[in-house]
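Reader: Hello! I would like to walk through this structure with you, one question at a time. Could you take me through it?

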Amino acid sequence: MSDNKDLYRDNKQTGSLLDEMNLDNKNLQNIGVEILPVHTGGTVHAKRIPGKFRMFKWITASFWISLFVFPYLRWDGHQAILFDLANRQFHIFGLTILPQDIWMLAMILLFFALLLAASTAVAGRLWCGYFCFHTVWTDVFTWLEEKFEGQPNKRMRLDQSKMSFEKIKIKAPKIAVWALIAFMTAFSFVAYFTDAYDLWARLFSFEWGSTETIVILSLTISTFFFAGILREQTCIGFCPYARIQGAMIDTQTVVPAYDNERGEPRGRMKRVKPGEEAPDLGDCIDCNLCVAVCPTGVDIRRGQQFGCITCGLCIDACDSVMDKLKKPRGLIRYASLAEFAGQKLPPLFKRPRVIVYTAIMGFAGAMLVYGLLTMSPIDLKALHERSPLFVQMSDGSIQNKWTIKVVNKSNEVIHADISVTGPAGLTYVAGKQITIQPGNVGSTTLLVRIPKNNLTETSTPVYIHVKDLNNDEISADYETAFLSPKKR
Ligand code: SF4
Ligand code: SF4
């Protein structure tokens with residue numbers, strides 16, 4: 001319980017404190033506190049107020065500017081990030097990932113999936129509140145809506161008004177800007193799969209392929225629909241992550257929460273007449289600002305709810321009210337259920353969920369680093385002939401045959417030279433030197449012969465080497481088994 005009661009008591013006793021602070025209900029607006037109507041259905045038109053979480057939300061949202069910028073960056077004369085599906089190559093800042101290295105992408109996905117789980121376990125739906133493309137796009141769309149159509153009350157009245165030329169005139173510019181952003185989003189997405197400049201050029205000469213046209217059109221429509229029309233309903237009704245996040249949080253997870261003990265019983269301030277008992281109220285003055293700013297229309301005072309994306313905007317709202325009332329901040333704050341129950345939170349490194357998630361993340365991260373450090377610009381595979389496994393030659397030697405495949409993962413043409421080492425007397429015949437274009441696979445046949453007397457086992461290791469004739473540092477080795485008949 002707060003010193004609200006004291007305010008009333010003071011007022012009753014001296015009449016001075018409320019007067020000094022102008023805290024009479026009629027005059028709450030004088031100190032900037034509005035009593036706002038509660039959202040009762042329909043589109044949520046959230047009020048925007050400044051605050052630290054609002055600022056944090058803009059900062060994290062700005063990450064998505066990269067989506068629009070990266071397709072235009074060049075690296076070694078190529079698009080810096082290009083997922084070239086036609087040639088089955090992913091180019092990421094000079095690194096070419098071919099299908100055989102796809103496990104590294106799997107590690108990246110695993111790492112980020114676990115990062116998501118770990119961050120949810122520690123601080124709730126951080127992804128939803130600050131990074132998710134849907135909430136970020138919705139935030140930008142509603143910010144623009146406010147610029148074109150005004151504050152929430154005005155927008156609500158406009159929505160409820162009958163269709164008229166005036167209404168169309170107000171709504172048309174917003175719709176045009178939304179459509180432009182939706183188109184740019186779709187275009188930028190597709191520009192990661194084909195050259196961005198070429199995509200622009202082909203747009204103006206009407207040369208887009210059917211796949212590009214269909215993907216860009218459908219993404220434009222869905223971006224407009226989900227971020228502009230459906231908004232918070234996407235989080236509440238469609239998002240699968242919203243449904244599973246409940247399983248990831250526990251009583252130690254910190255989420256935006258209302259301090260029930262401090263805030264209740266809530267109530268609006270009333271001047272106490274002489275002789276009247278001051279009501280025993282908590283710090284919540286029931287102004288509804290926390291509900292009015294919520295992008296999903298949640299009243300956090302009813303406890304943690306499915307619709308809460310943990311964006312913290314209600315914290316900003318309530319802190320601004322507390323500042324005006326000259327009361328301590330934090331009536332709504334990031335806190336865990338354990339904290340409200342008076343328990344002490346164990347450090348992160350002692351929490352089982354965090355330990356498990358971090359361990360798997362560490363594994364994925366280590367595998368990724370290993371993959372990057374050992375990734376060679378050339379990849380060698382040798383496929384042993386199956387039928388026959390070996391051939392006995394007229395001179396008594398044994399011959400094995402392989403099909404050699406060399407993958408060029410670099411951005412330069414490779415002139416690959418093949419050599420083989422193994423037991424004494426080994427000779428080989430490889431196809432002539434292979435020239436392999438960047439991102440392509442070259443193949444040739446390799447014949448290896450070893451005198452039978454030099455073979456002590458039915459399976460003898462031999463080593464195939466490949467190197468670029470123009471660059472000794474580009475090379476790869478492959479160990480394989482030379483097969484021979486049993487000795488009698
Ligand atoms: S919790 Fe804070 S913002 Fe919400 S109604 Fe109470 S005083 Fe107002
Ligand atoms: S209740 Fe608060 S934290 Fe949750 S979505 Fe609404 S404003 Fe964001």
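**Strands, domains and ligand shells**

Author: Gladly, and here is a starting point: Val466 stands opposite Ala476 in β16. Please keep in mind that this is a predicted model.

Reader: How many bridges pair β15 with β16?

Author: β15 covers residues 459-468, and strand β16 covers residues 471-483. A hairpin of 2 residues links β15 to β16. The two strands pair in the antiparallel sense, and the number of bridges is 10.

Reader: Which residue of β15 stands opposite Asp417?

Author: Strand β11 spans residues 414-421 and pairs with β15 in the antiparallel sense. That pairing runs over 6 bridges. Opposite Asp417, in β15, stands Lys467.

Reader: What is the bridge partner of Ile414 in β13?

Author: β11 and β13 run antiparallel and are joined by 3 bridges. In β13, the residue that partners Ile414 is Ile436.

Reader: In what order do the 4 strands of the open sheet with β11 and β15 lie, and which strands stand at the edges?

Author: The sheet is open and its pairing is antiparallel, with the order β13-β11-β15-β16. Each edge strand has a single partner strand, so one side of it is left without a neighbour in the sheet. On average, neighbouring strands are turned by 30° against each other, direction ignored. The strands at the edges are β13 (434-436) and β16.

Reader: There is also an open sheet of 3 strands; which are its edge strands?

Author: This sheet has antiparallel pairing and the order β3-β4-β5. The twist from one strand to the next averages 15°. Pairing on one side only marks the edge strands, β3 (81-84) and β5 (95-97).

Reader: Which residue in β5 stands opposite Ile92?

Author: Strand β4, residues 89-92, runs antiparallel to β5. The two are joined by 3 bridges. Across from Ile92, in β5, is Leu95.

Reader: Let me zoom out. How many residues does each domain give to the contact?

Author: The domain assignment gives domain 1 as 1-375 and domain 2 as 378-483. Taken over C-alpha atoms, their centres are separated by 57 Å. On the side of domain 1 that touches domain 2, there are 1 nonpolar, 4 polar and 1 charged residues. The contact takes 6 residues from domain 1 and, from domain 2, 5 residues.

Reader: On to the ligands. Which element gives the largest share of the shell around ligand 1?

Author: Of the 16 residues around ligand 1, those that come nearest are Cys284, Cys287, Leu289, Cys290 and Cys318. Two elements give two or more residues to this shell, α15 (289-292) and α16 (313-325). By class, the shell has 11 nonpolar, 2 polar and 3 charged residues. The largest share, 3 residues, comes from α16.

Reader: How many charged residues does the shell around ligand 2 have?

Author: There are 13 residues around ligand 2, and the nearest are Pro256, Cys294, Cys308, Cys311 and Cys314. The classes in this shell are 10 nonpolar and 3 polar residues. For charged residues the count is none.

Reader: I always check backbone geometry. Where does the residue with a positive phi, Asp286, lie?

Author: Most residues other than glycine have a negative phi, and most peptide bonds are trans. Asp286 is not a glycine, yet its phi is positive at about 60°. It lies in the loop between α14 and α15.

Reader: What is omega for the cis peptide bond that joins Glu264 and Pro265?

Author: Pro265 lies in the loop between α14 (260-263) and α15. The bond from Glu264 to Pro265 is cis, and omega is about -5°.

Reader: What is omega for the cis bond from Ser387 to Pro388?

Author: Pro388 sits in the loop between β8 (378-384) and β9 (391-392). The peptide bond from Ser387 to Pro388 is cis, with omega near 0°.

Reader: Finally, over which residues is the pLDDT below 50?

Author: The protein averages a pLDDT of 85, and 90% of the residues score at least 70. Where pLDDT is low, the predicted coordinates should not be read in detail. The stretch in question has 35 contacts in the model beyond near neighbours in sequence. The pLDDT is below 50 over residues 1-23.

Methods:
Residues numbered from 1 in each chain as written. Chains lettered and ligands numbered in written order. Predicted model: local features only at pLDDT ≥ 70, side-chain atom pairs only at ≥ 80, totals over all residues. Pairing = 2+ DSSP bridges. Axes fitted to C-alpha atoms, helices over the stretch in contact; angles between N-to-C directions. Domains from an automatic or database assignment. Contact = placed C-beta atoms within 7 Å. Nonpolar A, V, L, I, M, F, W, Y, C, P; charged D, E, K, R; others polar. Near = placed C-beta within 6 Å. pLDDT = per-residue confidence, 0-100.
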